[in-house]
Amino acid sequence: MIELLDRAPEMSVAERTFEPKEEVYTMTTTTAFGVRRARPHGLDRAIMRVSLMMLLAARRHADRTAVSYEEHTRRHTVRLATQRRENNAASLISRVF
């Protein structure tokens with residue numbers, strides 16, 4: 001296995017020789033630690049808060065209005081029974097004797 005590693009081609013894209021004069025033209029990147037984002041102020045902050053409040057209110061409303069199939073069927077049955085009972089009561093009152 002060690003013999004295979006010795007004969008394996010190199011995977012580096014850097015050249016083996018280092019020349020200081022070429023170092024000036026290369027680009028290096030670093031990860032900046034401790035960089036903070038600017039916090040929103042004034043109107044931007046107010047708009048962000050209002051939009052967050054609207055989003056939370058919409059979620060609460062959607063959760064309240066979400067009804068299971070069984071509950072929807074029960075409510076529909078109760079509504080139909082109520083309408084039938086009211087129609088029967090109205091027809092009794094409007095009867096001519």
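**Figure 1. Burial across the whole chain.** Buried residues account for 0% of the 97 residues in this chain, which is shown here as a predicted model. The accessible surface amounts to about 10500 Å², and carbon and sulfur atoms contribute 60% of that surface. A residue is called buried when its relative accessible area is under 20%, so keep that cut-off in mind for the close-ups that follow.

**Figure 2. The helices along the chain.** How many helices and strands does the chain have? There are 4 helices and 0 strands. Following the sequence from its start, you will meet them in the order α-α-α-α. Two of these elements return in the next views: helix α3, which covers residues 43–65, and helix α4, which covers residues 69–93.

**Figure 3. A positive patch on the surface.** Which residues form the positive surface patch? Arg36, Arg39, Arg45 and Arg49 make it up. Take a moment to find Arg45, which sits in helix α3. Arg45 is classed as partly exposed because its relative accessibility is 36%, a value that lies between the 20% limit for buried and the 50% limit for exposed.

**Figure 4. A salt bridge between Arg74 and Glu71.** Here we move to helix α4, home to both Arg74 and Glu71. These two residues are 3 positions apart in the sequence, or about one turn of the helix. Their side chains form a salt bridge, with 2.8 Å between the closest N and O atoms. Is Arg74 buried, exposed or partly exposed? With a relative accessibility of 46%, Arg74 counts as partly exposed. Glu71 is also placed in the partly exposed class, because its relative accessibility is 25%.

**Figure 5. Glu71 and its other partner, Arg75.** Stay with Glu71 and look along helix α4 to Arg75, 4 residues away and again about one turn of the helix. The side chains of Glu71 and Arg75 meet in a salt bridge, at 3.1 Å from N to O. Arg75 has a relative accessibility of 44%, and is therefore counted as partly exposed. Salt bridges with shared partners link Glu71, Arg74 and Arg75 into one network.

**Figure 6. The salt bridges taken together.** How many salt bridges are counted in this model? The count comes to 2. To trace them for yourself, begin at Glu71, then look to Arg74 for the contact at 2.8 Å and to Arg75 for the contact at 3.1 Å.

How values were computed: Residues are numbered from 1 along each chain as its sequence is written. This is a predicted model: local features need pLDDT of at least 70, side-chain atom pairs count only at pLDDT 80 or more; totals for chains, interfaces and linings use all residues. Side-chain values use heavy atoms; hydrogens and water are left out. Patches are made of residues with over 30% relative accessible area and no salt bridge: like charges are joined within 9 Å, nonpolar side chains (Val, Leu, Ile, Met, Phe, Trp, Tyr) within 5 Å. Accessible areas come from the Shrake-Rupley method with a 1.4 Å probe; for residues, only the protein chains shown count as cover. A salt bridge is a side-chain nitrogen of Lys or Arg within 4 Å of a carboxyl oxygen of Asp or Glu. Lys and Arg count as positive and Asp and Glu as negative; His and the chain ends are not counted. The place of a charge is taken as NZ of Lys, CZ of Arg, CG of Asp or CD of Glu. Buried means under 20% relative accessible area, exposed over 50%, partly exposed in between (1.4 Å probe, protein chains only).
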